[in-house]
Amino acid sequence: MQHITMSPSICLATLLLALVSPSLASASINNNNGGAVAAASVPTATQFLQAHNDARRDVGVAPLTWNPSLEQDAKRYAGALGIRCRLETLEDIPKFYPQNTYWGSGYQDGAAVTGWWVYGRRWYDRRANSCAPGKECESYKMVVRNTTRELGCARRTCRSSPDTVAVCSYFPAGDYDEPPY
């Protein structure tokens, strides 16, 4: 048996590096508003999936898995939204899956987009399965719906501005009259 020894300073440096270095999947930075934003090195799919699964874990719902077919559906719809750079129902683009859509000023990554939908939790009354009057929480309910198993998302920078549009598609669709969890 061979013993390897390290100097105390190397051991301390290694320990400190391990403690302060976030994993790639959880790397984040703060935006100018103090909100956590996934680091640029994290793939967009990972940003969306991790943020969704963090919200689901908070309410005890099983995590989602990434579905490339749903991602393609989301890319198609996000691409069309990015042309006019506004949220609207696109009659000429069929929706095959339930979706969350987003428009935001400037660049927004997948974690920030999902964070906006999850922000609706504050207006969700689980007992009544409804949103506070005049508030939107349906996007939050879509993120945490316990019958949903798969996710695919896309974000696009608008053609005419630096703003962001994003779409997430979900499978399977659930019973929206029932509480999401």
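Me: Let me start with a definition: two strands pair if DSSP finds at least two bridges between them. Which strands form the open sheet here, and in what order?

Reply: Strands of a sheet pair through backbone hydrogen bonds, either parallel or antiparallel. Before the case itself, note that this is a predicted model, where local features need pLDDT of at least 70, side-chain atom pairs count only at pLDDT 80 or more, and totals for chains, interfaces and linings use all residues. Residues are numbered from 1 along each chain as its sequence is written, and side-chain values use heavy atoms, with hydrogens and water left out. Helices (H or I, at least four residues) and strands (E, at least two) are DSSP runs, numbered from the N terminus. In this model, 4 strands make an open sheet with mixed pairing, in the order β3-β7-β8-β4. Since β3 and β4 stand at the edges, each has a single partner strand, so one side of each is left without a neighbour in the sheet.

Me: How many bridges join each pair, and which way do the strands run?

Reply: Let's walk across the sheet. Strand β3 (residues 65-66) pairs with β7 (residues 150-157) in the parallel sense, over 2 bridges. Next, β7 runs antiparallel to β8 (residues 164-171), with 8 bridges between them, and a hairpin of 6 residues links these two strands. Finally, β4 runs antiparallel to β8, joined by 6 bridges.

Me: Can we follow one residue through those pairings? What stands opposite L151?

Reply: L151 is a good choice. Toward β3, W66 stands opposite L151 of β7. Toward β8, the bridge partner of L151 is Y170. Further across, Q99 has S169 of β8 as its bridge partner.

Me: Which helices pack on the sheet, and which strands do they touch?

Reply: Contact here means heavy atoms within 4.5 Å. Helix α2 packs on the sheet and touches β3, β7 and β8; its direction makes about 125° with that of β7. Helix α4 also packs on the sheet, touching β4, β7 and β8, and its direction makes about 110° with that of β4. Axes are lines fitted to C-alpha atoms, for helices over the stretch in contact, and angles run from 0 to 180 degrees between N-to-C directions.

Me: How should I read the packing of α2 and α4?

Reply: Two packed helices are described by the angle between their axes and the distance between the axes. For α2 (residues 44-58) and α4 (residues 110-119), the angle is about 30° and the axes are 7 Å apart. That makes α2 roughly parallel to α4 (angles under 35 degrees count as roughly parallel, over 145 as roughly antiparallel, 65 to 115 as roughly perpendicular and the rest as oblique). Residues in the contact include F48, A51 and H52 of α2 and V113, W117 and V118 of α4.

Me: Is D73 buried or exposed, and what does D73 touch?

Reply: Buried means under 20% relative accessible area, exposed over 50%, partly exposed in between (1.4 Å probe, protein chains only). D73, in helix α3 (residues 68-84), counts as buried because its relative accessibility is 4%. Leaving out residues up to four places away in sequence, D73 touches F96, Y97, Q99 and S169. The side chains of D73 and Q99 make a polar contact at 3.3 Å. A polar contact is a pair of N or O atoms within 3.5 Å; within protein, one must be able to donate a hydrogen and the other to accept it, and residues adjacent in sequence count only if both atoms are side-chain atoms. Remember that Q99 and S169 are also bridge partners.

Me: Where does the backbone take unusual values?

Reply: Try three places. C85, in the loop between α3 and β4, has a positive phi near 60° although C85 is not glycine; C85 is buried at 13% relative accessible area. N129 is another residue other than glycine with a positive phi, about 50°. N129 sits in the loop between β5 (124-125) and β6 (130-131) and is buried at 14%. The third place is the cis peptide bond between F171 and P172, with omega about -10°; P172 lies in the segment after β8.

Me: Which residue, 74 residues from R84 along the chain, has its C-alpha atom 7.5 Å away?

Reply: That is C158. R84 itself is in helix α3 and is partly exposed, at 48% relative accessibility.
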